[in-house]
Amino acid sequence: VSEKKKRVLIIDGMNNFIRCYVVDPTMDVNGNPIGGVTGFLKTLQKNIRETSPDMVVVCWEGVNGSQRRRQINKDYKLGRKPPRLNRQYDTTPEEQRENKIQQQIRLISYLEQMPVVQLSADGTEADDVIAWTVQTKFFDGWQKLILSNDKDFYQLCDDDTIIIRPTSKEIINKKRLIEESGIHPRNFGLARSIVGDKSDNLVGVSRVGLATVAKRFPFLKEAKDYTLEDVLSHARKNEAQVKAYASIAESKDLIETNYQIMQLYTPIISAQSRSKLSWGVENTSKLVNKTKIRVMLMQDGIASLNLDQMLAYFKNQERLA
């Protein structure tokens with residue numbers, strides 16, 4: 001009988017926090033929005049119930065996280081509008097920003113009372129931390145579930161790694177990705193570099209979408225790592241017949257720059273940060289502090305938030321550890 005694979009739930013912290021912050025209308029005792037905290041904890045409980053992980057890892061953006069990618073392209077992530085609540089409060093944008101930061105700090109404090117590994121490193125984006133988590137030796141042979149709406153993580157899909165997209169309620173695995181997009185995860189970073197990413201303010205090759213890339217470069221479906229040079233030489237051979245080939249052949253620098261920013265196969269993390277992250281994975285407490293969590297819920301005026309199921313799950317894991 002083969003032993004059941006261990007499973008790690010890897011959460012894109014900010015992606016999930018912002019989603020909850022925007023849609024959850026819960027208020028604290030003082031009438032301030034606290035939906036980012038309550039929504040995140042509720043969805044964490046739901047995802048733990050549905051996936052029964054052996055370990056939970058939440059990855060956050062480090063201080064100056066986007067700096068290195070901005071050095072490659074100064075427009076990276078510029079012009080992003082701050083998240084707006086989907087309801088009206090009599091608060092200024094500054095007060096909303098302050099409230100959002102306070103909620104995030106409070107959420108981190110809640111997670112510190114649980115056996116949840118929280119990872120971040122200065123100068124490092126959460127995307128890189130997630131990619132590192134998937135690749136680190138500690139989780140060799142584990143099943144890895146990435147909880148995020150971000151399509152950048154499609155390139156990390158493999159036999160052990162799947163993406164759970166909470167907003168569209170989709171589960172993306174390697175097989176489904178190849179069938180639906182016509183592109184293998186190992187080449188997905190390259191394909192996305194051609195297309196660009198509006199949400200990160202990265203311009204792609206004009207009028208070329210993923211469907212065009214899949215159609216014009218059918219070899220990207222194979223389980224083989226193709227390079228930009230492979231794509232360009234195929235484009236040059238055929239550029240006389242099809243406009244998309246000509247556009248791609250002329251866009252070498254653009255695609256190359258996009259690739260440096262978008263690829264997660266080799267995360268942009270310093271050796272020092274890698275050691276820090278490894279330490280975090282190996283040394284996070286396995287204990288859950290139910291009493292402290294209940295006190296915090298009362299202090300925040302959200303004592304009616306029922307987390308019993310999740311706390312019981314953590315308590316049981318503590319006994320098994």
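Mentor: Helices and strands here are DSSP runs, with at least four residues for a helix and at least two for a strand. The model is a predicted one.

Trainee: How many helices and strands are there in the protein?

Mentor: The protein has 14 helices and 6 strands. Its radius of gyration is 21 Å, close to the 20 Å that the globule rule gives for 321 residues, so the protein is as compact as a globular protein of that length. Along the principal axes, the C-alpha atoms fill a box of roughly 70 × 60 × 35 Å.

Trainee: Which residues touch the most other members of the largest nonpolar core?

Mentor: The general idea is that nonpolar side chains tend to be buried together in soluble globular proteins. In this model the largest nonpolar core has 50 residues, and Phe217, Leu220 and Ile248 touch the most other members. Helix H5 gives the most to this core, 5 residues. A second, separate core has 36 residues, including Phe17, Ile34, Phe40 and Met114.

Trainee: Leaving aside neighbours within four places in sequence, what is Phe217 in contact with?

Mentor: With that exclusion, Phe217 contacts Val231, His234, Ala235, Tyr245 and Ile248.

Trainee: What is the volume of the largest pocket, and which residues lie nearest its centre?

Mentor: Rolling a probe the size of a water molecule over the atoms shows where empty space is left. Here the largest pocket has a volume of about 1500 Å³. Its lining has 44 residues, with Met14, Ile18, Arg80, Pro83 and Lys100 nearest the centre. Helix H1 supplies the largest share of that lining, 7 residues. By class, the lining holds 18 charged, 13 polar and 13 nonpolar residues.

Definitions and conventions:
Residues are numbered from 1 along each chain as its sequence is written. This is a predicted model: local features need pLDDT of at least 70, side-chain atom pairs count only at pLDDT 80 or more; totals for chains, interfaces and linings use all residues. Side-chain values use heavy atoms; hydrogens and water are left out. On a 1 Å grid over the protein atoms alone, a cavity is a set of points where a 1.4 Å probe fits but cannot get out, and a pocket is an open set with protein on both sides within 12 Å along at least five of seven lines; lining residues have an atom within 4 Å of a point. Grid points are joined across faces, edges and corners, and a volume is the space filled by probe spheres set on the points. Ala, Val, Leu, Ile, Met, Phe, Trp, Tyr, Cys and Pro count as nonpolar, Asp, Glu, Lys and Arg as charged, and the others, Gly among them, as polar. A nonpolar core is a set of buried Ala, Val, Leu, Ile, Met, Phe, Trp, Tyr and Cys residues joined through side-chain atoms within 4.5 Å. Buried means under 20% relative accessible area, exposed over 50%, partly exposed in between (1.4 Å probe, protein chains only). Contact means heavy atoms within 4.5 Å. The radius of gyration is taken over C-alpha atoms; the globule rule is 2.2 Å times the number of residues to the power 0.38.
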